[in-house]
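Thank you all for making the time this morning. I would like to walk you through one model, going from the chain as a whole to its sheet and then to a few side-chain pairs.

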Amino acid sequence: MGARQSSARSKDKGPRGMVLLRRRQRFSPWDDALLSGKDPRSLLKRGMRHISFSLVTKGITDIPDFLWGLSEVQKLNLSHNQLRVLSPEVGRLSRLVVLNLCGNRLKSLPQEISLLKGLKVLFINMNCLTEVPAELSACKNLEVLSLSHNSLSQLPASFADLSRLRKLNLSNNRFAHIPICVFALKDLDFLHVGSNRLENIAESIQCLGSLQIFIAESNNIHSFPRSLCLLASLELLNLNDNDIQTLPDELYLLCRLARIAWNPMDKGLHISHNPLSKPLPELVEGGLEMLVSYLKDKKHN
């Protein structure tokens with residue numbers, strides 16, 4: 001009998017035993033918690049400022065039901081999975097401040113997103129959205145919103161109610177123009193509309209007086225509007241890769257643009273890869289001071 005037990009133990013240490021061990025190691029922490037009967041709240045991370053829960057890059061296609069009972073969660077990260085649907089149950093997480101849904105396959109958001117009254121940061125970039133529900137505008141504390149890398153061509157007019165929004169990323173979508181509601185967001189200091197289908201920048205851009213960073217690269221914009229020169233707070237203006245041929249004489253009004261910038265991360269004026277008429281290409285090469293001086297002289301002559 002003892003010999004048989006010994007033999008069984010040795011088998012467990014063999015290839016089959018190793019396979020079983022590896023299978024056990026594949027369980028995620030939340031799998032282990034549920035299998036062992038633990039309270040899912042044991043998975044919450046309690047930081048200095050927020051209570052958070054994360055299921056990043058787990059390959060999940062459905063959100064586990066126990067999550068909707070974790071009402072104290074303030075930061076929820078479900079990014080880089082295979083989610084196709086966000087359950088209306090998300091509205092139960094009324095204390096959420098940060099919600100990260102980046103890198104999934106979501107085609108829509110539930111109307112119950114409107115119940116997240118304390119939400120300040122929402123990342124839903126790199127999904128499959130073709131529209132955004134008007135109900136999102138009920139999240140009036142929203143400060144940061146990333147909708148980049150979707151298939152959006154318009155925004156609800158009610159987005160004008162997001163009066164606290166400071167950072168908005170609409171890049172890599174299908175916008176033919178900057179949505180009118182954006183111009184009502186007076187506190188915006190960052191706006192990214194690069195890699196869309198823009199052919200112009202509306203004069204209403206001058207309404208965004210707090211804007212410090214404006215990126216509209218890789219579109220088909222034909223002109224540099226004078227109204228852009230009224231945004232005196234601009235520190236980074238990126239119009240690379242467009243169809244701009246001339247520059248406004250009032251460029252000198254953008255006094256916070258310190259230089260012609262070539263590195264994408266640098267502050268300054270980014271104007272490369274445009275069919276600028278002569279002598280503008282040479283002046284751009286000479287630096288912002290030379291360019292501005294030429295434009296000023298041209299205006300007065």
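**From the whole chain to its side chains**

Let me begin with contacts: in the protein chain, among those between residues at least 6 apart in sequence, 32% join residues at least 24 apart. Please keep in mind throughout that this is a predicted model, and that every value I quote is computed from it. The chain has 301 residues, of which 46% count as buried, and its secondary structure consists of five helices and eleven strands. Its accessible surface comes to about 15900 Å², with 49% of that belonging to carbon and sulfur atoms.

Now to the sheet. The eleven strands form an open sheet in the order E1-E2-E3-E4-E5-E6-E7-E8-E9-E10-E11, and the pairing is mixed. Which strands stand at the edges? They are strand E1, residues 45-46, and strand E11, residues 268-270; each has a single partner strand, so one side of each is left without a neighbour in the sheet.

If we start at the E1 end, E1 and E2 run antiparallel and are joined by two bridges, with Lys45 standing opposite Ser52 in E2. On the next step, from E2 to E3, the strands run parallel and three bridges join them; here Ser54 has Asn77 in E3 as its bridge partner. Further along the sheet, strand E8, residues 190-192, also runs parallel to its partner E9, again with three bridges, and Phe190 stands opposite Ile213 in E9.

I would like to stay with E2 for a moment. In a regular strand, side chains alternate between the two faces of the sheet. In E2, Ile51 and Phe53 make up the covered face, whereas Ser52 and Ser54 make up the uncovered one.

Phe53 brings us to the aromatic rings, and the structure holds one aromatic pair. Phe53 and Phe66 meet edge-to-face, at 6.0 Å centre to centre and with 85 degrees between the planes. The pair links distant parts of the chain, since Phe53 belongs to strand E2, residues 51-54, while Phe66 lies in the loop between E2 and strand E3, residues 75-77, and the two are 13 residues apart. Are these two residues buried or exposed? Both Phe53 and Phe66 are buried.

The same loop between E2 and E3 also holds Ser71, which is partly exposed, with a relative accessible area of 33%. Ser71 and Ser94 are 23 residues apart in sequence, yet their C-alpha atoms are 6.8 Å apart in space.

Let me turn to charged side chains, where the count comes to seven salt bridges. Arg166 takes part in a salt bridge with Glu143, in which the closest N and O atoms are 3.5 Å apart. Arg166 sits in the loop between strand E6 (144-146) and strand E7 (167-169), and Glu143 in the loop between strand E5 (121-123) and E6, so this pair ties together parts that are 23 residues apart in sequence. Both count as partly exposed, Arg166 at 30% relative accessibility and Glu143 at 24%.

Arg166 also meets the side chain of Asp189 in a salt bridge, at 3.6 Å from N to O. This pair, too, links distant parts of the chain: Arg166 in the loop between E6 and E7 and Asp189 in the loop between E7 and E8 are 23 residues apart. Asp189, in turn, counts as buried because its relative accessible area is 14%, under the 20% cut-off. Taken together, Glu143, Arg166, Lys167 and Asp189 are linked in a network of salt bridges.

Another salt bridge joins the side chains of Glu250 and Arg226, at 3.1 Å from N to O. Glu250 is in the loop between E10 and E11 and Arg226 in the loop between E9 and E10, 24 residues apart; Glu250 is buried, with a relative accessible area of 17%.

I will finish on the surface. Which residues make the nonpolar patch of about 250 Å²? They are Leu230, Tyr252 and Leu253. Leu230 is placed in the loop between strand E9 (213-215) and strand E10 (236-238), and at 48% relative accessibility Leu230 counts as partly exposed.

Note on methods. Residues are numbered from 1 along each chain as its sequence is written. This is a predicted model: local features need pLDDT of at least 70, side-chain atom pairs count only at pLDDT 80 or more; totals for chains, interfaces and linings use all residues. Side-chain values use heavy atoms; hydrogens and water are left out. Rings of Phe, Tyr and Trp (its six-membered ring) pair if their centres lie within 6.5 Å; planes under 30 degrees apart count as stacked, over 60 as edge-to-face and the rest as tilted. Helices (H or I, at least four residues) and strands (E, at least two) are DSSP runs, numbered from the N terminus. Buried means under 20% relative accessible area, exposed over 50%, partly exposed in between (1.4 Å probe, protein chains only). Patches are made of residues with over 30% relative accessible area and no salt bridge: like charges are joined within 9 Å, nonpolar side chains (Val, Leu, Ile, Met, Phe, Trp, Tyr) within 5 Å. Accessible areas come from the Shrake-Rupley method with a 1.4 Å probe; for residues, only the protein chains shown count as cover. A salt bridge is a side-chain nitrogen of Lys or Arg within 4 Å of a carboxyl oxygen of Asp or Glu. Two strands pair if DSSP finds at least two bridges between them. Contact means heavy atoms within 4.5 Å.
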